[in-house]
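The exercises below ask you to read a structure from its coordinates, beginning with single residues and ending with the whole chain. Work through each task before turning to its solution.

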Amino acid sequence: MRIKSALAAVAVLALAAACGGGDTGEPSGGSGEPVKLDFLSLAWQKESVEANKAIVEEWNKANPEIQVTYVQGSWDNVNDQLVTSFEGGDAPDVFHDDSPALAGFAAKGYLLDLEGKLPAALRSDIPQAAWDTVTFDDGNGGQGVFGVPFLQESQVIIANKKLLDGAGVRIPTPAEPWTWDEFAEASTKLTKGDTYGVAWPMKSPVNKVLNLALNFGGTFFQTAGGKTTVKVGPEEKEVLRRIHDQLYKDKTADPAALGMGTADPLPGFFAGKYAMLPAGVYLRQQVAEQAPDDFAWVTLPPLKGTTSHQGAVSQTLSVSADSEHQEQAVAFVSFFLNGRNQARLAKGDWLLPTSREAAADPSINGEEDGWDVATASAKDLVVAPFLKVNGYDEWKSKVATPVLQEFFADKISLDDAAERLVGEGDKVLERYQR
C-alpha cells in the first residue's frame, strides 16, 4: 500500500507540473535541498488530526524532494491569522479554511487561482456544485477557482430509536424522507409527559435557517442590476414559521433549548427529554462517543419541502498567491485530497466528502452510526446563496442573528422579523456595493 501511495504521489506531482504554475519546479533553487512547504490545518477532532498528519507523513516519505510541515491552526482565529500573514508576506503555502472566507481573500489577490492547474482526475471527481462554492470574482473582472472543496455538512435529524418505535412513527429513508408536515406530525406523537418531540438549539440560528430554507426555495438574497438585496418572502418565511409553530402552537419543541449550542441538548436527549435533534451530520460523533451503552439512536435523512435541497458550505484547501513553490503546493493539495484520502478525512471529521470516489468508500457507507444516511444526504447539497453575498458576515452578526433570536423567543412577529431582516440588512449590504 505504501508503494502504491508513493507512486500515486509522484504521478500527481507530474500531472500538476505539466499543467504549469508559478515557479521553476527546481527543488530549491538548484541547491539540492528539498522544497519546504508549510501546511496550516484546522483539523481539531482527534481522529481528524491523526488522519491529516498521517497523509502529510505519507507525502513526505514518497516525496523527499518536497517536504511539508504540518502547522496546527484553530477555527477560532484563522481568518485574522491569515490576514496578518498575507499582509506580512509570510502566509502558509497551503491552508485549510471554509469557502465563505475565500471570496474576500480572492478579491484582494491573496490566493492562487487553481483553474487549469489541478489534475483532470481530481477536477472531475468533485461535482460542479462543490466547485461552485469556491468560484469567486478574481478582482480583475473574471472568475477563478480559489480552493479545492473537500468536506461539506448537511442537516439531518438524530433521533431516539426507542421513542420512535414506541410512537409508531414511520422511519424515513433517503429514498422516502419525511416531509416537513410528517416531521411535525411525528413531533406531536413523540411529545408525551416530560418528553418533547424536538429540541431546536438556536444560539447560532442563521446558517441553519438559511440552509434549511432552501427546502422551500428560500434564498434570503436576490441580485438585480448588479445589486444584491435581502429577500424575505413566502419561501423564506416557510421554515421560520414551521419552527415557530413547533415552539408555540404545537408545543412540541422545548423553548428552553433555544439558547443552546448544537451539542448542548445531548444530556437531555440521552435522558429522554427530547426525542429528536435536528443537527449537522458531525454531531453523530459526539452521540456515538457520549451516549449510554443501552441508548439506541438513529440518523434520519434531511427533511423535504418542495425540494430536499440544502445549502452547502465547503471546507477547503487553498494555495497562497505569494508561495514561492506554487507547483509543488498544488501537487501536495492534489495528493492530499484524492478520493482515498478524502474518505479518511471525512471519517475523521464525521462530515461528507465532495469526492465521488470517497463517497463510494465502504468505510463511510455502512449503517453503523448512520454513515449510510449521512453520505446519501450529500446529493441534495447545492451552493449556499449567501456564499456570493459581499457583506454577508456583517448582516449575519449584526442583523440576522439578533432578529432571529428575538423571533424564535416569540418577542417579535414573523412580519416584524422579515421587515427588519430586509430593512436593516439592505443598509448593511449597501455599504459593500458602493
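**Exercise 1.** Locate His244 in the secondary structure, decide whether this residue is buried or exposed, and list its contacts beyond the neighbours within four places in sequence.

*Solution.* In this predicted model, His244 has its place in helix H10, which covers residues 234–248. The next step is to compare its relative accessible area, 14%, with the cut-off for burial, which is under 20%; His244 is therefore buried. Leaving aside its neighbours within four places in sequence, we finally find His244 in contact with Lys249, Phe407, Phe408 and Asp410.

**Exercise 2.** Carry out the analysis for Leu212, and add the C-alpha separation between Leu212 and Lys304.

*Solution.* Begin with the secondary structure, where Leu212 belongs to helix H9, residues 206–213. Its relative accessibility is 7%, so Leu212 counts as buried. Once the neighbours within four places in sequence are set aside, the contacts of Leu212 are with Gln155, Trp180, Trp200 and Val239. As for Lys304, this residue is 92 residues from Leu212 along the chain, while the two C-alpha atoms are separated by 9.5 Å.

**Exercise 3.** Determine how Lys347 is classified by its accessible area, and describe its surroundings in space and in sequence.

*Solution.* Lys347 sits in helix H14, which runs over residues 339–349. Its relative accessible area is 33%, and because this value lies between the limits of 20% and 50%, Lys347 is partly exposed. Apart from neighbours within four places in sequence, Lys347 is in contact with Glu47, Ser363, Ile364 and Trp371. For Gln285, the separation from Lys347 is 62 residues in sequence and 9.8 Å in space, taken from C-alpha to C-alpha.

**Exercise 4.** Analyse the pairing of strands S9 and S10, and then say which turn residue has a positive phi.

*Solution.* Strand S9 (residues 221–224) pairs with strand S10 (residues 227–230) in the antiparallel sense, over four bridges. Within this pairing, Thr223 stands opposite Thr228 in S10. The two strands form a hairpin with two residues between them, and in its turn Gly225 has a positive phi of about 60°.

**Exercise 5.** Give the order of the strands in the open sheet of six, identify its edges, and examine the pairing of S6 with S14.

*Solution.* The order in the open sheet is S2-S1-S3-S14-S6-S15, and the pairing is mixed. Strand S2 (66–72) and strand S15 (352–353) are the edge strands, since each of them pairs on one side only. Strand S6 (residues 148–152) and strand S14 (residues 314–319) are joined in the antiparallel sense over four bridges, and Pro149 stands opposite Thr316 in S14.

**Exercise 6.** Assess the fold as a whole: how many helices and strands are there, and how does the radius of gyration compare with the globule rule?

*Solution.* The protein contains 18 helices and 16 strands. Its radius of gyration is 23 Å, close to the 22 Å given by the globule rule for 434 residues, so the protein is as compact as a globular protein of that length. Of these 434 residues, 52% count as buried, and among contacts with a separation of 6 or more, residues 24 or more positions apart account for 73%. The accessible surface comes to about 18,500 Å², with 51% of it belonging to carbon and sulfur atoms. As a last step, consider the charges: the mean positions of the 39 positive and 60 negative charges are 5 Å apart.

Methods: Residues numbered from 1 in each chain as written. Predicted model: local features only at pLDDT ≥ 70, side-chain atom pairs only at ≥ 80, totals over all residues. Heavy atoms only, no water. Rg over C-alpha atoms; globule rule 2.2 N^0.38 Å. Buried < 20%, exposed > 50% of the residue type's maximum accessible area, 1.4 Å probe, protein only. Contact = heavy atoms within 4.5 Å. Areas by Shrake-Rupley, 256 points an atom, 1.4 Å probe, with all protein chains shown as cover. Lys, Arg positive; Asp, Glu negative; His and termini not counted. Charge placed at Lys NZ, Arg CZ, Asp CG, Glu CD. Pairing = 2+ DSSP bridges.
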